[in-house]
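Got your viewer open? Let's take a walk through this one together, one selection at a time.

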Amino acid sequence: RGKYLASSSPVDRTTMIWEVCRDAATPLSRLGGAGIGPIRWSPSGAHLFASTSSNLFRVWETLNWTSEKWSNMSNRCNSVCWSSDGEVVVFSVLGEACLYCLQFRRSGKEKVAVGSTACIKCLDLTPHTFHSQNETIGGAVQSLAWDPTNRRLAIILTADSPGSELV
């Protein structure tokens, strides 16, 4: 089904793009940091989000394999997901109780990041107590998943987050 496969490792700074039918790989430039963290294709395959073990990540456009770089986060990215239309990528940063997003808009034939100098903080997940139920929920994010209709975003909190056992 797919033409390309992206592979990476937390102990190597190179992401490999494999042409599956030819069993041939091409390395992307070194991203920085000690290794590569989560990588995710956009649904159309037009973009590849590649994070590092530092606060740096890139979004590659896959037509010419050029990238935009962001390094203004407080820590490394630990979870990423794309909207089904590929216009929004949402991600979490290790140890932070919030989500960030990058929006893409069409410029000619390709989508480019909107406001590419900074990521937008889009959801505050600071622990909150619901007094009617005497429960506290919120905290750092472990994993994300977006449904195909873009109407629901599943957020798994880290085990030490308040109320994580409730979700």
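Is serine 53 buried, exposed or partly exposed? Serine 53 comes out at 34% relative accessibility, and because buried means under 20% and exposed means over 50%, serine 53 counts as partly exposed. Keep in mind that you're looking at a predicted model.

**First stop: serine 53 and its surroundings**

Select serine 53 and you land in the loop between strand 5 (47-52) and strand 6. Now add cysteine 77 to your selection. Serine 53 and cysteine 77 are 24 residues apart in sequence, yet their C-alpha atoms are 7.8 Å apart in space.

**Zoom out: the whole chain**

Switch to a cartoon view. You can count 16 strands and zero helices in the chain. The chain has 167 residues, and 38% of them are buried. If you turn on the surface, you get an accessible area of about 9500 Å², with 51% of it belonging to carbon and sulfur atoms. Then think about contacts: of those between residues at least 6 apart in sequence, 34% join residues at least 24 apart.

**The sheet at the start of the chain**

Color strands 1, 2 and 3. These three make an open sheet in the order 1-2-3, with antiparallel pairing. Strand 1 (4-9) and strand 3 (24-27) are the edge strands, each pairing on one side only. Neighbouring strands in this sheet are turned by 30° against each other on average, direction ignored. What holds paired strands together? Strands of a sheet pair through backbone hydrogen bonds, either parallel or antiparallel. Here, strand 1 and strand 2 (residues 12-19) run antiparallel and are joined by five bridges. For a closer look, pick serine 9: its bridge partner in strand 2 is aspartate 12.

**Strand 5 and its two partners**

Next, select strand 5. How many of its six residues are buried? Six of the six are. Show the side chains and you'll find both faces covered: His47, Phe49 and Ser51 are buried on one side, and Leu48, Ala50 and Thr52 on the other.

Now bring in strand 4, which pairs with strand 5 in the antiparallel sense over four bridges. The two form a hairpin with five residues between them, and in that turn glycine 45 has a positive phi of about 85°. Across this pairing, tryptophan 41 stands opposite leucine 48.

Then add strand 6. Strand 5 and strand 6 run antiparallel and are joined by five bridges, in a hairpin with four residues between the strands. Here the bridge partner of histidine 47 is glutamate 61 in strand 6.

**A pair of tryptophans**

Hide everything but the aromatic rings. The structure holds eight aromatic pairs. One to find is tryptophan 41 with tryptophan 65: the ring centres are 6.3 Å apart and the planes sit at 70°, so this pair is edge-to-face. The pair links distant parts of the chain, with tryptophan 41 in strand 4 (residues 36-41) and tryptophan 65 in the loop between strand 6 and strand 7 (66-70), 24 residues apart. Both count as partly exposed, tryptophan 41 at 28% relative accessibility and tryptophan 65 at 24%.

While the rings are showing, select Phe49, Phe57, Trp70, Phe91 and Tyr100. Ring pairs link Phe49, Phe57, Trp70, Phe91 and Tyr100 into a cluster.

**Into the cores**

In soluble globular proteins, nonpolar side chains tend to be buried together. In this model, the largest nonpolar core has 16 residues, and the members that touch the most others are Phe49, Phe57, Val59, Phe91, Leu102 and Cys119. Strand 6 (57-61), strand 8 (77-82), strand 9 (88-93) and strand 10 (98-107) each give two or more residues to this core. Which strand gives the most? Strand 10 does, with four residues.

Click on valine 59 and look at what surrounds it. Leaving out residues up to four places away in sequence, valine 59 touches ten names' worth of neighbours you can light up, including His47, Phe49, Trp70, Trp82, Leu102 and Phe104. Apart from this core lies another, of ten residues, among them Val88, Leu99, Val141 and Leu157.

**Last stop: strands 15 and 16**

Finish by selecting strand 15 (residues 141-146) and strand 16 (residues 153-157), which run antiparallel and are joined by five bridges. Valine 141 stands opposite leucine 157 in strand 16. Their hairpin has six residues between the strands, and asparagine 150 takes a positive phi near 65° there.

Methods. Residues numbered from 1 in each chain as written. Predicted model: local features only at pLDDT ≥ 70, side-chain atom pairs only at ≥ 80, totals over all residues. Heavy atoms only, no water. Buried < 20%, exposed > 50% of the residue type's maximum accessible area, 1.4 Å probe, protein only. Contact = heavy atoms within 4.5 Å. Areas by Shrake-Rupley, 256 points an atom, 1.4 Å probe, with all protein chains shown as cover. Pairing = 2+ DSSP bridges. Axes fitted to C-alpha atoms, helices over the stretch in contact; angles between N-to-C directions. Core = buried A, V, L, I, M, F, W, Y, C linked by side-chain atoms within 4.5 Å. Phe/Tyr/Trp six-rings, centres within 6.5 Å; stacked < 30°, edge-to-face > 60°.
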